[in-house]
Amino acid sequence: MRTQTRQQGGRRRRAVSAATAVAIGAMTLGVLAPPAASAARPDAVQQSLNALVRDDGMPAALASVQDRDGRTRTYTAGLGDLATGSKVPRDGQVRIGSNTKAFTAVVVLQLVGEGKIGLDTMVDDYLPGLVRGEGIDGRHITVRQLLQHTSGLPDYGVHVDDDEIRNRYLEPRELLDIALRYKADAAPGETWGYSNTNYVLAGLIVQKVTGRPLAEEMDRRIIKRIGLRHTYFPAPGEMTIREPHPQGYHRNPADGPLRDFTEMDPSWGWAAGQLISTNSDLNRFFTALLAGRLLPAAQLAEMRTTVPAGTSGLRYGLGLTSRPLSCGGVYWGHGGDIAGYETRGGVTDDGRAANVAVTSIPTGEAATQHVKDAVDRALCG
């Protein structure tokens, strides 16, 4: 069964085998530096990726970094396929997990700007009678609380098993039904608590208001609008990744062996985690968002209005997080985990952008922190 939900995107896996980590590191040391980085000493970003492979047992790590002038550098480390020893595709596609929530939130907020959804309108006004359970009532939960994770709704994601759902298509209503078997985590508005259920409901509201599938609205309103050429919402039953990509690996249980988990049905993530993209496309998305190219000023201000989320300085807005930088200020993004991949990153108010992906969800606190540190080094370098 799933373990506790991770802030920003998915599930936490623990207890990496030291022997496995060393073995992966030994296999990948020969391909750590990207072809373009021929200098004797790799820069800080490359060093961070090398360490994620060598010390933390990640099969591969990828990054895309954009400076204030829009110049972009891409990086790779490790192996794209442990079975064949193939290289990591530069800026390859990955499953971006809960970064999808930022896209869903943008669509909702665009509809708010169009007067079709009210942030402080109750969920029941759009989905009458649908949200009922022990301590759960859609007549007392607002759209804002869904996007902010302050609804108190239980998370369906901690109650499904990766192997059981890997080959199974799940309708959004099935995901909601799983959540509603459990009592509320808190009263609406009482506290912040990460729950994928919130974004399934947000996606259902989008579909009810527009009369169109969420994937179509996301594609029309965001992906095509700002030219995300490598980002897409997988079609029902689509289990592969369309463009060049590193293989994704997963441990289930957390102390078990790495298994190739690249092919899977991502429908269990839907509005909360189904998208596929690249680090560079994520940089483009968050840069366009913060520059006001996707939302009117009023809705962007609402998105950036945050509440505390955890103890590391993370704050959560409406599908958007802020995290402190070691060099001062914050960066804005989201992050995501889905079996096989983890992505972290975001953009600063002065135009720097960085995203880092690894091809296995870190299963220990140290490795998780090292991925975040890689983003910090990329933005502060």
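In helix α8, a run of buried residues takes in Asn196, Thr197, Asn198, Tyr199, Val200, Leu201, Ala202, Gly203, Leu204, Ile205 and Val206. The model is a predicted one, and this helix is a handy place to start reading it. With eleven of its 15 residues buried, α8 is largely enclosed by the rest of the structure. The helix covers residues 196–210 and stretches 22 Å between its first and last C-alpha, close to the 21 Å expected at 1.5 Å a residue. Just after α8 comes Gly211, whose phi is positive, at about 75°.

Next up is the packing of α3 against α9. Helix α9 spans residues 214–223, and its axis lies 10 Å from that of α3, at an angle of about 80°. Since anything from 65 to 115 degrees counts as roughly perpendicular, that is the label for this pair: α3 and α9 are roughly perpendicular to each other. On the α3 side, the contact is made by Phe103, Thr104, Val106, Val107, Gln110 and Leu111. The α9 side puts in Leu214, Glu217, Met218, Arg221 and Ile222. Sorted by type, the residues of this contact come out as seven nonpolar, two polar and two charged.

Two of those contact residues, Phe103 and Ile222, turn up again in the largest nonpolar core. This core has 85 residues, and the members touching the most others are Phe103, Ile222, Phe285, Leu289 and Met303. Helix α3 (residues 100–113) supplies the largest share of the core, with nine residues. Apart from this core sits another, of 20 residues, including Met58, Ala61, Ala354 and Ala378.

As for Met303, its contacts beyond four places in sequence include Ala102, Ala105, Val106 and Leu109. Leu289 and Leu295 are also touched by Met303, as is the run Gly317, Leu318, Gly319 and Leu320. Of these partners, Val106 is also part of the α3 contact with α9.

Finally, there is Tyr169, which sits in the loop between α6 (162–165) and α7 (172–179). Tyr169 has a relative accessibility of 37%, so it counts as partly exposed. Setting aside neighbours within four places in sequence, the contacts of Tyr169 are Glu174, Pro236, Gly237, Asp265 and Ser267. One of these partners, Ser267, is 98 residues away along the chain, yet its C-alpha and that of Tyr169 are separated by 5.8 Å.

Note on methods
Residues numbered from 1 in each chain as written. Predicted model: local features only at pLDDT ≥ 70, side-chain atom pairs only at ≥ 80, totals over all residues. Heavy atoms only, no water. Helix = DSSP H or I, 4+ residues; strand = E, 2+ residues; numbered from the N terminus. Buried < 20%, exposed > 50% of the residue type's maximum accessible area, 1.4 Å probe, protein only. Contact = heavy atoms within 4.5 Å. Expected span 1.5 Å × (residues − 1). Core = buried A, V, L, I, M, F, W, Y, C linked by side-chain atoms within 4.5 Å. Axes fitted to C-alpha atoms, helices over the stretch in contact; angles between N-to-C directions. Parallel < 35°, antiparallel > 145°, perpendicular 65-115°, else oblique. Nonpolar A, V, L, I, M, F, W, Y, C, P; charged D, E, K, R; others polar.
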